[in-house]
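Here are some exercises to work through with the structure open beside you. Try each task before reading its solution.

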Amino acid sequence: MDFTVVIPARYQSSRFPGKPLANIQGKPMVQHVVDRANEAGASKVIVATDDERIASVAAQFATVVMTATTHTSGTERIAEVIQTQQIADDTIIVNVQGDEPFVPADNIRQVAANLAANPAMQMATLCTPIAHEDDVFNPNIVKVVFSASGKALYFSRSVLPFARDTMMQLPVSADPGLYYRHIGLYAYSASYVNQYVSYKPSALEQIESLEQLRALWYDDAIHIEEALSEPPVGIDTPDDLTNLLASLAADN
């Protein structure tokens, strides 16, 4: 199965400026992401950025496409790559977040295969069970609920679903076994990316700051499956990186 990985990478993160260039074991973070995409067997790996600092570094190990500074989501940035690189409509595109340096390669392959196996759905993504109660209440960990057929129903930074019998009590508690964490990998066809960016931004995606809610708002279907391998939580802040480096040092 052929698929192309596009890695949106921007410098100006409000919580962690310069994050794609953060050093992890002697490599910039974005290089680790490129390595995982290559391990997954992607036919092409593209780093899409609007910053010359990222571009100059990433050009040493990947194809780089410069994009506009006005994009509000990774998918919008990918749409520009599809246009400028004249990528065919039926190409499977996997959007791999630039702050997931240790995303398992088999998950990247899995999400591409899920899209190919579910042609009635416009997108595919992954989830994993939540193991710790604190993660249920962490707004940086996106929760997802889905149907018996694997169709995503909603994504939220809030507690989702709301367990009435326990959460109406004080202090509030949660059973982690009821919850799934969304993993920020997306697969879609190049033609659907063009369709997605033709939509006006939705109220829900702006409220939650979650781009996948635009697809649900316009009644497009997202297939979701439990990931073959549980990835580490993405790096949103410098503290997340410090914790990751400490964990890697302990493992060694």
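This is a predicted model, so treat each exercise as a reading of that prediction.

**Exercise 1. Find the place of Phe61 and list the residues it touches, leaving out those up to four places away in sequence.**

Step 1. Start with the loop between α2 (52-58) and β5 (63-66); Phe61 lies there.

Step 2. Now look for its partners: Phe61 touches Pro28, Val30, Gln31 and Val34.

Step 3. Take one of these partners, Gln31, and compare two kinds of distance. Phe61 and Gln31 are 30 residues apart in sequence, yet their C-alpha atoms are 7.1 Å apart in space.

**Exercise 2. Work out how α1 and α4 are placed relative to each other.**

Step 1. Locate the two helices: α1 covers residues 29-39 and α4 covers residues 105-117.

Step 2. Look at their axes, which are 8 Å apart and make an angle of about 60°.

Step 3. Angles under 35 degrees would count as roughly parallel, and 65 to 115 as roughly perpendicular. The angle here is about 60°, and α1 and α4 are therefore oblique to each other.

Step 4. For the handedness, α1 passes α4 in a right-handed crossing.

Step 5. Find the residues that meet: Arg36, Ala37 and Glu39 on the α1 side, with Ala105, Ile108 and Arg109 on the α4 side. Sorted by class, this contact has three nonpolar, no polar and three charged residues.

**Exercise 3. Do the same for α3 and α7.**

Step 1. Helix α7 spans residues 190-198, and its axis and that of α3 come within 9 Å, crossing at roughly 125°.

Step 2. Roughly perpendicular ends at 115 degrees and roughly antiparallel needs over 145. With a crossing of roughly 125°, α3 and α7 are therefore oblique to each other.

Step 3. Here α3 passes α7 in a left-handed crossing.

Step 4. On α3, the contact uses Thr75, Glu76, Ile78, Ala79 and Ile82; on α7, it uses Ala190, Val193, Asn194, Tyr196 and Val197. These residues divide into seven nonpolar, two polar and one charged.

**Exercise 4. Describe the backbone at Gln86 and at the bond between Leu160 and Pro161.**

Step 1. Recall the usual picture: most residues other than glycine have a negative phi, and most peptide bonds are trans.

Step 2. Gln86 is not a glycine, but its phi is positive, about 50°. You will find Gln86 in the loop between α3 and β6 (92-96).

Step 3. Leu160 and Pro161 are joined by a cis peptide bond with an omega of about 5°. Pro161 sits in the loop between β9 (152-156) and α6 (164-167).

**Exercise 5. Describe the largest pocket and what lines it.**

Step 1. Begin with the space: the largest pocket holds about 1400 Å³.

Step 2. Its lining has 45 residues, and Arg10, Gln97, Asp99, Arg157 and Glu211 lie nearest the centre.

Step 3. Ask which elements contribute. At least two lining residues each come from β1 (4-9), α3 (74-84), β10 (180-189), α8 (203-208) and α9 (212-217). The largest share, five residues, belongs to β10.

Step 4. Finish with the classes: the lining has twelve nonpolar, 18 polar and 15 charged residues.

Technical notes: Residues are numbered from 1 along each chain as its sequence is written. This is a predicted model: local features need pLDDT of at least 70, side-chain atom pairs count only at pLDDT 80 or more; totals for chains, interfaces and linings use all residues. Side-chain values use heavy atoms; hydrogens and water are left out. On a 1 Å grid over the protein atoms alone, a cavity is a set of points where a 1.4 Å probe fits but cannot get out, and a pocket is an open set with protein on both sides within 12 Å along at least five of seven lines; lining residues have an atom within 4 Å of a point. Grid points are joined across faces, edges and corners, and a volume is the space filled by probe spheres set on the points. Ala, Val, Leu, Ile, Met, Phe, Trp, Tyr, Cys and Pro count as nonpolar, Asp, Glu, Lys and Arg as charged, and the others, Gly among them, as polar. Axes are lines fitted to C-alpha atoms, for helices over the stretch in contact, and angles run from 0 to 180 degrees between N-to-C directions. A crossing is left-handed if the near helix is turned anticlockwise from the far one by less than a right angle, and right-handed if clockwise. Contact means heavy atoms within 4.5 Å.
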